[in-house]
Amino acid sequence: MDLQQPIFSALNVPRNEIRSAKEDSRLSGKAAATAEVTSSDSESGIFSGESELCVEHESDLNWFCCSEQKLICSHCTIVGSCQGHTVTALANRVTAVRNQLVDVCEKMQLHSRRIEHFINKTLTAKERALQVEASGARERVVAQVSVVREAVEEEEQRLLEVVQREEERVEQCLLTQRAHWGQALAMLTQTRTRLVHTLTNTPDIQLATSGQEIADRVEDAEGVGEPCDTDQLNLNAGCSDSKLMRGLWASAILLGPIAYGSAHLTFDERTVSSLLSLSEDLCTLTFLPKRSRQSPPYNPARFDSWPNALGTLAISSGTHSWVMDVGESGAFKVGVCYTSMGRKGSGNDSRLGYNGQSWVLSKYDGDFSFCHAGKNTPLHVIHKPKSLGLLLDWPSQTLVFYDPDSSAVLHSVRHAFSGPLLPAFAVADRSVTILH
């Protein structure tokens, strides 16, 4: 059906005929009843398909029983089965049905017009807006990628130039050292040859009086010194380091199509200090006031002086990340440590961040810092995060601390880790929780 064609035309019913239906129905009388009553009405039990009279009273069916929804005669309403029912004259019933049909058709026509308006106006406008918005979205994507690509290409070129200069510097140092120690070796070889010649060919009387000459040659040889390997002969590992590239790399891992995680990471109950309590699900550490502390059974893996605990996942390959809910805690540490880190005593050997076996991000008195080997590096954190993420990439030997809400890198470090690492934690105020 054409939606632009009025509903009355589609039904082949002129609108003026429908409008005059009420008046026509009053004049129809018996003919209207005849048009309404068909053989399908035989189930009423009052009239048959061959008769238009009431079977029971043999009178015209000119009334309609509203209660039973059937045609009846006037006697049915008085002494018949429809006595006491709500009835109406057949002409009035037909008029009501026609009026109802007129109302339905008008509503359908109005509905059709609304649909036409939606198709012709709303959907068309949406299509045009879609094209404009999609074009703008594509332009924004291309512009953003272009900025990133330009920045990456410039940083790539800069880093390659830095690596090239560093390589040339080391090569020059190696050449200088090779030339210097080559000359020293030649001089030592020549001096030794002369001394051996003096020793084997000089007569005893002459050898006895040549002490000064021998001493001078020995002094020259001793002045050569000992060769020494220095950092100047090694490529500076930081020459390829870039905050921009490291941040992009971390974002690509954390937000890219392959996200890494440690869904089964929990706290190792054996390591939890007596200063802390561990939740039943092994995921929350809470700092205990003195009155609530108890003495847990001795365990060589347990920290006995610092409020520390370690995770259950030993990492020596692959890429792993985990997120900590630090909430309102004002004093905590999150990071990693070697499995061999000390657990006993109040010295720095068992204090996270104060030895060469642990790397942690610390918050204390509102300030954030990175701690390793007793050295604290202050971190400028504008937004105080409620959670902290850690990313440990073993192949590149990189540890990244980041804000999970924005994936912004807070700090990163590269280190030649020499053994398996465990997630490490400390809390001295409220609680921290491993999130899954």
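The bend at a residue is the angle between two axes, one fitted to the seven residues that end there and the other to the seven that start there. In this predicted model, helix α6 bends in this sense by about 35° at Phe118. Helix α6 covers residues 90–201, and because its 112 residues at 1.5 Å a residue should span 166 Å, the 155 Å between its end C-alpha atoms agrees with what is expected.

Two other helices pack against α6, and a general idea helps in reading both cases. Two packed helices are described by the angle between their axes and by the distance between those axes.

Consider helix α9, residues 243–255, whose axis comes within 10 Å of the axis of α6 and crosses it at roughly 130°, which means that α6 is oblique to α9. The crossing of these two helices is left-handed. On the α6 side the contact is made by Ala151, Val152, Glu155 and Leu159, and on the α9 side by Leu244, Met245 and Leu248. Sorted by class, this contact has 6 nonpolar residues, no polar ones and 1 charged residue.

Turn now to helix α8, residues 211–222, where the axes of α6 and α8 come within 10 Å and cross at roughly 155°; since angles over 145 degrees count as roughly antiparallel, α6 is roughly antiparallel to α8. This crossing of α6 and α8 is left-handed. Here α6 contributes Met187, Leu188, Thr191, Arg194, Leu195 and Thr198 to the contact, while α8 contributes Ile214, Arg217, Val218, Asp220 and Ala221. The residues of the contact between α6 and α8 divide into 6 nonpolar, 2 polar and 3 charged.

Conventions:
Residues numbered from 1 in each chain as written. Predicted model: local features only at pLDDT ≥ 70, side-chain atom pairs only at ≥ 80, totals over all residues. Heavy atoms only, no water. Helix = DSSP H or I, 4+ residues; strand = E, 2+ residues; numbered from the N terminus. Expected span 1.5 Å × (residues − 1). Axes fitted to C-alpha atoms, helices over the stretch in contact; angles between N-to-C directions. Parallel < 35°, antiparallel > 145°, perpendicular 65-115°, else oblique. Left-handed = near helix turned anticlockwise from the far one by under 90°. Contact = heavy atoms within 4.5 Å. Nonpolar A, V, L, I, M, F, W, Y, C, P; charged D, E, K, R; others polar.
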